[in-house]
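Student: I have just opened a new structure and would like some help in reading it. Could we go through it together?

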Protein chains: 2
Amino acid sequence: MTTTVLPVVDITDAACCTPLTTEAIDAERAQDLAQKLKALADPTRLRLVSIVAASEGEEACVCDLIEPVGLSQPTVSHHLRILMEAGFLTRSKRGTWAYYKLVPGALGQLSQLLDVTSSR
Amino acid sequence: MTTTVLPVVDITDAACCTPLTTEAIDAERAQDLAQKLKALADPTRLRLVSIVAASEGEEACVCDLIEPVGLSQPTVSHHLRILMEAGFLTRSKRGTWAYYKLVPGALGQLSQLLDVTSSR
DNA sequence: CGAAGATATTGATGGATGTCAATATGCGCA
DNA sequence: TGCGCATATTGACATCCATCAATATCTTCG
């Protein structure tokens, strides 16, 4: 079994500090946050994340994702790659199958960045 | 003074229920959520929201927003319109000036939709 | 009324993006 | 070794999007 993690965006450092609403963010952090939001700002990718999150162990096989979203296999792979590069999913290959798993805390961290009041 | 509210997306009803991670969302809700996320998924718009949020009364004049983001006035107006149509800002015109104000709870609601754990 | 200033709208343009068909890659099994 | 299956990559294409210049609209003030 091979575990592939593409750390294009490291969730642990970038845009990890003050939320949007307390003080104006600079251009660099805005760019960073926008990149993550863009990865989620697609109906298909939202559904993929949602299905994975609702699955056993917050993990799902590609073969189980294609039919629910109703798109071609290459398109689904493409979306999964974007979600992985944005730091929301990781991929682990077991035999012929590829399993995508939610990165713990990734959504929560983004959530907290959007607003402070919701975290209290 | 004229207050303009474009309720293209009503924040109070659409996508208001279960967060992403508890159970798989349907195509309609995904479409709805994606529309809001897309409105925020731009560096310039994030900065605009952030500046407005950090201003007195969570409100700022267009004339005070152009210089910080460093883009042309029409472009800034365009972004503000998108943020308004997505339900994040409202516009009130006082004299020649247009003031954009944060919609209370709009960011918080989106934030909670992304993840449950951050709201506990 | 007419000029000046603030904001919105329109039109054009280059670049990003979602999608699929075709193809490649890699694994398991006979 | 070779076939079949699951997934990834490539290439092409249509559409969307961010941006600006030019222009329109609206308000205030002389």
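Student: How many helices and strands does chain A have?

Tutor: Chain A has five helices and four strands. Helices (H or I, at least four residues) and strands (E, at least two) are DSSP runs, numbered from the N terminus. From that end on, the elements of chain A run β-α-α-β-α-α-β-β-α. Before we go on, note that this is a predicted model, in which local features need pLDDT of at least 70 and side-chain atom pairs count only at pLDDT 80 or more, while totals for chains, interfaces and linings use all residues. Residues are numbered from 1 along each chain as its sequence is written, chains are lettered from A and ligands numbered from 1 in the order in which they are written, and side-chain values use heavy atoms, with hydrogens and water left out.

Student: What share of the residues in chain A is buried?

Tutor: Buried means under 20% relative accessible area, exposed over 50%, and partly exposed in between (1.4 Å probe, protein chains only). Of the 120 residues in chain A, 48% are buried. A contact means heavy atoms within 4.5 Å. Among the contacts in chain A with a separation of 6 or more, 62% are between residues 24 or more positions apart.

Student: How is chain A related to chain B?

Tutor: Copies are superposed by least squares on the C-alpha atoms of residues with pLDDT of at least 70 in both. Here, a rotation of 180° with 0.0 Å of shift along its axis places chain A on chain B, with an RMSD of 0.0 Å. That is the relation of a two-fold axis. The same surface serves both copies, as 100% of the contact residues of chain A recur in chain B.

Student: Why is helix α5 of chain B described as largely enclosed?

Tutor: Seven of the nine residues of this helix (residues 106-114) are buried, so the rest of the structure largely encloses it. Among the buried ones are L107(B), L110(B), L113(B) and L114(B). Their cover includes α1 (27-40) and α5 (106-114) of chain A together with α1 (27-40) and α2 of chain B.

Student: Which residues come nearest to DNA strand C?

Tutor: A residue is near a strand if one of its heavy atoms lies within 4 Å of it. There are 25 residues around DNA strand C, and H79(A), Q73(B), S77(B), R91(B) and Y100(B) come nearest. Sugar and phosphate make up 71% of the atoms of this strand that come within 4 Å of the protein.

Student: Which part of DNA strand C does the side chain of Q73(B) approach?

Tutor: A polar contact is a pair of N or O atoms within 3.5 Å. An N or O atom in the Q73(B) side chain is 2.7 Å from a base nitrogen of DNA strand C. For Y100(B), the partner of its side-chain N or O atom is a phosphate oxygen of that strand, 2.7 Å away. α4(A) gives the most to the surface near DNA strand C, with five residues.

Student: What surrounds DNA strand D?

Tutor: It has 23 residues around it, and the closest are Q73(A), S77(A), Y100(A), R45(B) and H79(B). A side-chain N or O atom of S77(A) is 2.4 Å from a phosphate oxygen of DNA strand D. With C63(A), a backbone N or O atom lies 3.2 Å from a phosphate oxygen of the strand.

Student: Where is R45(B) placed?

Tutor: R45(B) is in helix α2 (residues 43-54) of chain B. Leaving aside neighbours within four places in sequence, its contacts include H79(B) and L83(B).

Technical notes: A polar contact is a pair of N or O atoms within 3.5 Å; within protein, one must be able to donate a hydrogen and the other to accept it, and residues adjacent in sequence count only if both atoms are side-chain atoms.
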